[in-house]
Every structure is written in C-alpha cells, then in structure tokens.
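Biologist: Could you take me through one helix pair up close? I'd like the packing geometry, then whatever is worth a look elsewhere.

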Amino acid sequence: MTQEMISAKEKARRKLDIIVSVFNEEESLPGFRDALFSVLKKAGFSWKVIFVNDGSSDASADILDAFAKEHHNVAVIHLSRNFGHEAAMLAGIDASRADAVICMDADLQHPPEAIPEMIRAFDQGFGVVNMVRDKREDAGVFKKITSSIFYAFINRISPVKFERNASDFFLISARVAKLLKEEFRERTRFIRGYTQIVGFRKTTLRFTATSRMKGKSKYGFYRLMLLTSGAIATFSRLPLHLGLLMGIISAIFALVVSAYSIIMKIAGYAPPGYTTIIVFISVMFAIQFFLIGILGLYIGYIFEENKKRPIYIVDKKHGFEEE
C-alpha cells in the first residue's frame with residue numbers, strides 16, 4: 001500500500017465540523033445548505049454541520065429542524081433567546097467533537113468554495129486558518145472607512161497585532177477549540193481576536209465577500225459599536241492610561257494659563273478673566289467626563305465577568321449522538 005493511499009485513508013477518518021450561526025436567515029438557509037453540501041461532499045472528510053439558532057424570530061428554527069430530519073450529518077442547537085453572534089459561535093464550538101472546526105455565516109458572504117483550501121492548510125499542519133477579506137462587494141464607503149479605522153486603532157493600542165479585515169470565517173484545530181472551550185470564557189468576547197493570539201502554527205487565506213443573496217445584515221451600527229468597544233477593552237488597557245496622560249496635559253495647560261495671568265497682572269494688563277475661566281473649566285470637565293466614561297466601560301465589563309452568568313442557554317438540540 002502506498003503512502004498516498006495511507007494518507008487518503010487517514011484523511012477519510014478525520015472529522016470536520018462546520019459551525020453556522022443563524023439569526024433570522026429563513027431566506028438564505030436553503031441556498032446556503034445546497035452550496036455548502038455541494039462542497040462538503042467532495043471534501044474527503046467525515047463531516048457534520050452544526051447550525052446554531054440564535055433566537056431567530058422568523059421561520060429559521062423550523063427550516064433547521066427540517067434539515068436535521070432530512071440529513072444525518074446535520075445537527076441543530078436552539079438557544080433560548082438571542083445571545084449574539086459570538087455566543088452562538090461559542091455554543092457550536094462547545095458542541096464540536098471533530099479534528100477541525102470551521103466557523104462561518106449562513107448568508108453566503110463566507111464562500112463555501114474556500115473550504116477545500118482551508119482543509120488543505122489544516123492537512124499541512126496549521127492549527128489556525130484565518131480568512132481575510134480582499135474586498136466586500138456590498139460594503140459602502142462608510143463601512144470600509146470605519147473598518148480601516150478600527151483595525152488601525154486596535155493595532156496601535158494593543159500589544160497583539162491583528163490581521164486587517166479578518167472575519168468570523170476561520171478554521172481551528174481540535175486543540176485550539178479545546179482552549180476556547182476551557183480557557184477563553186469571558187462574557188465579553190472577540191473570537192476572531194482569540195484565534196490570532198492562541199499561538200500554534202497559523203496561516204492566512206484571502207477571499208472575496210460577495211453581496212448577500214437574501215435578507216439583510218443583522219449587524220447595525222449599534223451592534224458594531226458594542227463589538228468594537230468589547231474588542232478594545234478585551235485586548236488593551238491603554239485607554240485606562242489616558243488618565244495619566246490627560247492629567248499631564250491639563251497640568252501643563254494650567255501652568256501656562258497661570259503664568260500668562262500673573263505676567264499680564266504684573267504688566268498692568270488685567271486679562272479678560274471670564275473667557276479664560278470658562279474655557280479652562282470647560283476643557284477640564286470635558287476631560288474628566290471622558291475619563292469617567294472610559295472607567296465606566298471597564299467597570300461595566302468587570303461587573304459582567306464577576307456575575308458569571310452563562311454565556312448562552314441551550315433550549316434544545318437535534319442530531320447529536322448523546323440524544
């Protein structure tokens with residue numbers, strides 16, 4: 001028996017789990033299922049698709065249950081309510097028992113056609129395969145600018161350097177998945193960041209995010225702001241150091257204003273004190289409220305962590321062996 005035949009048999013015994021977070025995707029699910037299955041049937045792996053219904057209010061739950069009844073290699077996790085995309089991904093990772101895990105979205109902006117290349121990278125020994133967008137066809141100018149600003153800012157303030165335009169489309173080995181299950185259990189999460197800091201061998205592949213075929217994005221401006229603030233608080237303490245910097249700047253400003261007032265008084269020119277006082281007080285209060293806001297943000301995250309509430313709650317499952 002040749003080495004190639006042994007390798008093929010070993011690959012066939014390996015297991016691949018696809019984690020798909022679903023929130024109100026009734027229009028996209030049938031097309032996504034067909035596109036994904038057409039790729040996976042040629043993968044050469046034993047595979048299972050784990051759909052996580054993140055509290056959908058449309059017909060997504062019924063569609064997913066029908067998938068589980070129709071296909072033996074489909075499993076469904078229904079969460080008790082909407083816990084957010086990151087929590088849903090983690091619920092799927094927790095349920096995975098495969099040699100490799102791929103996380104992706106159900107809107108076809110994460111192309112299933114990229115999965116064979118991800119599997120080849122895994123076969124080459126990479127424990128983390130990050131997928132980075134070359135471009136996003138439905139992204140407007142505002143979204144492109146804000147994305148660029150976010151990655152430039154977080155790479156400047158964080159000791160960890162992140163891949164620009166990294167996405168929630170990635171592959172991790174069972175060893176990395178175990179770390180996410182056991183060690184990275186913060187209530188405020190940034191999973192695409194975790195995959196870049198765990199170490200091990202990792203590589204980056206590129207893809208083009210096509211326009212959504214059906215439905216609309218569930219990430220509005222408010223959710224993106226929450227994700228951004230959570231990522232900054234999770235990976236950097238630099239904002240907390242702004243208090244010292246602002247204090248130094250304020251002290252220098254106060255010394256300059258004081259020196260100016262004393263000199264003008266000695267020279268016999270009484271400075272217009274009202275304007276000076278108003279400007280000085282306004283600047284000081286603006287700085288103080290800004291720093292109080294930063295402290296409140298971090299204290300809020302500390303409060304959430306200390307409550308130790310569950311990251312997600314499972315309502316029911318279908319298609320798992322333990323049933």
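Biologist: Before the close-up, what percentage of the 323 residues in the protein is buried? And at roughly what angle do the axes of helix H4 and helix H7 cross?

Modeller: Bear in mind that this is a predicted model, where local features need pLDDT of at least 70 and side-chain atom pairs pLDDT 80 or more, while totals for chains, interfaces and linings use all residues. Numbering starts from 1 along each chain as its sequence is written, and side-chain values use heavy atoms, leaving out hydrogens and water.

Buried residues account for 43% of the 323 in the protein; buried means under 20% relative accessible area, exposed over 50% and partly exposed in between, with a 1.4 Å probe and protein chains only. The protein has 11 helices and eight strands (DSSP runs numbered from the N terminus: H or I of at least four residues, E of at least two). Take the contacts (heavy atoms within 4.5 Å) between residues at least 6 apart in sequence: 83% of them join residues at least 24 apart.

Now your pair. H4 covers residues 85-95 and H7 residues 174-182; their axes come within 9 Å and cross at roughly 120 degrees. Those axes are lines fitted to C-alpha atoms over the stretch in contact, with angles running from 0 to 180 degrees between N-to-C directions. H4 and H7 are therefore oblique to each other, the label left over once under 35 degrees is roughly parallel, over 145 roughly antiparallel and 65 to 115 roughly perpendicular. Their crossing is left-handed, as the near helix is turned anticlockwise from the far one by less than a right angle.

Who does the touching? H4 brings Leu-90, Ile-93 and Asp-94, and H7 brings Ala-177, Leu-180 and Lys-181. By class that makes four nonpolar, no polar and two charged residues. Also in H7 is Lys-178, which counts as partly exposed because its relative accessibility is 47%. From Lys-178 to Arg-97 it's 9.5 Å, C-alpha to C-alpha, with their positions 81 residues apart in sequence.

Elsewhere, look at Ser-56, in the loop between strand S2 (46-53) and helix H3 (60-70). Ser-56 has a relative accessible area of 14%, so it is buried. Its side chain reaches the backbone nitrogen of Asn-24 at 2.9 Å, and a 2.8 Å polar contact joins the side chains of Ser-56 and Asn-53. Leaving aside residues up to four places away in sequence, Ser-56 touches Val-22, Phe-23 and Asn-24.

Definitions and conventions. Nonpolar A, V, L, I, M, F, W, Y, C, P; charged D, E, K, R; others polar. Polar contact = N/O pair within 3.5 Å; in protein donor to acceptor, adjacent residues only side chain to side chain.
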